[in-house]
Amino acid sequence: QVYPAPTSASKTIASGFGLDEVVAGDEGSFSILSRDVYGNVRGPLGSNDAFQVVASHLEHTVFSTEDNATIPLAVYGSVVFNNRTNVHEVVFYPTVSGQYNLSVYFRVTDEIKEEIYGSPYLLTVHPADTYAEYCDAFGEGLSYGVAGSVMEVQIVTRDIYRNLRGVGGDFFTMRIINTAARVAYSGECVDEGNGNYS
């Protein structure tokens, strides 16, 4: 019986749709397959391997009181070994849209960690569906108008996590109601194709 050698970070691979893209608020998932330096699959022996998964936003930052510095917004993955398939399964839940560096580390020791083959991956988190309550509306037409003149209003769409949608395709209806005169007027909505409407 020839057993695999110890796990090698440079030969260990990850696979799954969650490495490339996910929708804000949805579950991102992928799997990690432990392999030794010769490319042999570690199988059940990989159950003792420790992995760390962190997605770092390329634009958004937060202030860390621990580091007393501004650091990239990070989302951490939960890693669990599946005894049936002999792979580590990763799940994570990002809520801020944009691009991330998704890093997968093999922990050689408590102090030493190495990125696996292909890491970091470029992850795109897409905005969720438009959420009406968090959309922004502004313009003079919201509070003032002159009879016979055009009243203009701008709408900027956001999802339930307040991410800018950035794409068109939504349908809005606009109505002005004069309760005293019991009349109503409908407006026209122009989709600008970038998440903005007028």
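How many bridges join β4 to strand β5, and in which sense do these strands run? The close-up views below, taken from a predicted model, begin with that pair.

**View 1. Strand β4 and its two partners, β5 and β8.** Strand β4, residues 51-64, is joined to strand β5, residues 69-76, by seven bridges, and these two strands run antiparallel. Within this pairing, Val62 has Ile71 of β5 as its bridge partner. The two strands form a hairpin with four residues between them, and Asn68 in this hairpin takes a positive phi near 55°. Strand β4 also pairs with strand β8, residues 98-107, in the antiparallel sense and over seven bridges; here His57 stands opposite Tyr100 of β8. Strands of a sheet pair through backbone hydrogen bonds, either parallel or antiparallel.

**View 2. The open sheet of four strands.** Read across the sheet, the strand order is β1-β3-β7-β6, and the pairing is antiparallel. The edges are formed by β1 (13-15) and β6 (78-82), each of which pairs on one side only, and from one strand to the next the twist averages 25°. At one edge, β1 pairs with strand β3, residues 28-33, over three bridges in the antiparallel sense, with Ile32 of β3 as the bridge partner of Ala14. At the other edge, β6 pairs with strand β7, residues 87-92, over five bridges, again in the antiparallel sense, and Val79 has Val90 of β7 as its bridge partner.

**View 3. The turn between β6 and β7.** The hairpin formed by β6 and β7 has four residues between its strands. Asn86, which lies in the loop between these two strands, has a positive phi of about 60° although it is not a glycine. With a relative accessible area of 22%, Asn86 is partly exposed. Most residues other than glycine have a negative phi, and most peptide bonds are trans.

**View 4. Backbone features in two further loops.** The peptide bond that leads from Ser119 to Pro120 is cis, with omega near 5°, and Pro120 has its place in the loop between β9 (113-115) and β10 (121-126). In the loop between β12 and β13 is the place of Arg162, a residue that has a positive phi of about 70° although it is not a glycine. Arg162 is partly exposed, and its relative accessible area is 49%.

**View 5. The open sheet of three strands.** Strands β11, β12 and β15 form an open sheet in the order β11-β12-β15, with antiparallel pairing. The edge strands are β11 (136-138) and β15 (196-197), and each of them pairs on one side only. Between β12 and β15 the antiparallel pairing extends over two bridges, and Ile155 stands opposite Tyr197 in β15.

**View 6. The largest pocket and its lining.** The largest pocket holds about 580 Å³ of space. Its lining consists of 22 residues, of which Val150, Met151, Glu152, Ile176 and Gly187 are the closest to the centre of the pocket. Strands β12 (154-156), β13 (175-178) and β14 (183-186) each supply at least two residues of this lining. Sorted by class, the lining of the largest pocket has eleven nonpolar, eight polar and three charged residues.

**View 7. Cys135 and Cys189, two cysteines without a disulfide.** A search of the whole structure finds zero disulfides. The closest cysteine sulfur to that of Cys135 belongs to Cys189 and is 11 Å away, which is too far for a bond, because a disulfide requires a pair of cysteine sulfur atoms within 2.5 Å. Seen from the other side, Cys189 is in no disulfide, and the nearest cysteine sulfur is that of Cys135. As to accessibility, Cys135 is buried, with a relative accessible area of 16%, whereas Cys189, at 28% relative accessibility, counts as partly exposed. These two descriptions follow from the cut-offs, because buried means under 20% relative accessible area and partly exposed covers the range from there up to 50%.

How values were computed
Residues are numbered from 1 along each chain as its sequence is written. This is a predicted model: local features need pLDDT of at least 70, side-chain atom pairs count only at pLDDT 80 or more; totals for chains, interfaces and linings use all residues. Side-chain values use heavy atoms; hydrogens and water are left out. Buried means under 20% relative accessible area, exposed over 50%, partly exposed in between (1.4 Å probe, protein chains only). Two strands pair if DSSP finds at least two bridges between them. Axes are lines fitted to C-alpha atoms, for helices over the stretch in contact, and angles run from 0 to 180 degrees between N-to-C directions. On a 1 Å grid over the protein atoms alone, a cavity is a set of points where a 1.4 Å probe fits but cannot get out, and a pocket is an open set with protein on both sides within 12 Å along at least five of seven lines; lining residues have an atom within 4 Å of a point. Grid points are joined across faces, edges and corners, and a volume is the space filled by probe spheres set on the points. Ala, Val, Leu, Ile, Met, Phe, Trp, Tyr, Cys and Pro count as nonpolar, Asp, Glu, Lys and Arg as charged, and the others, Gly among them, as polar.
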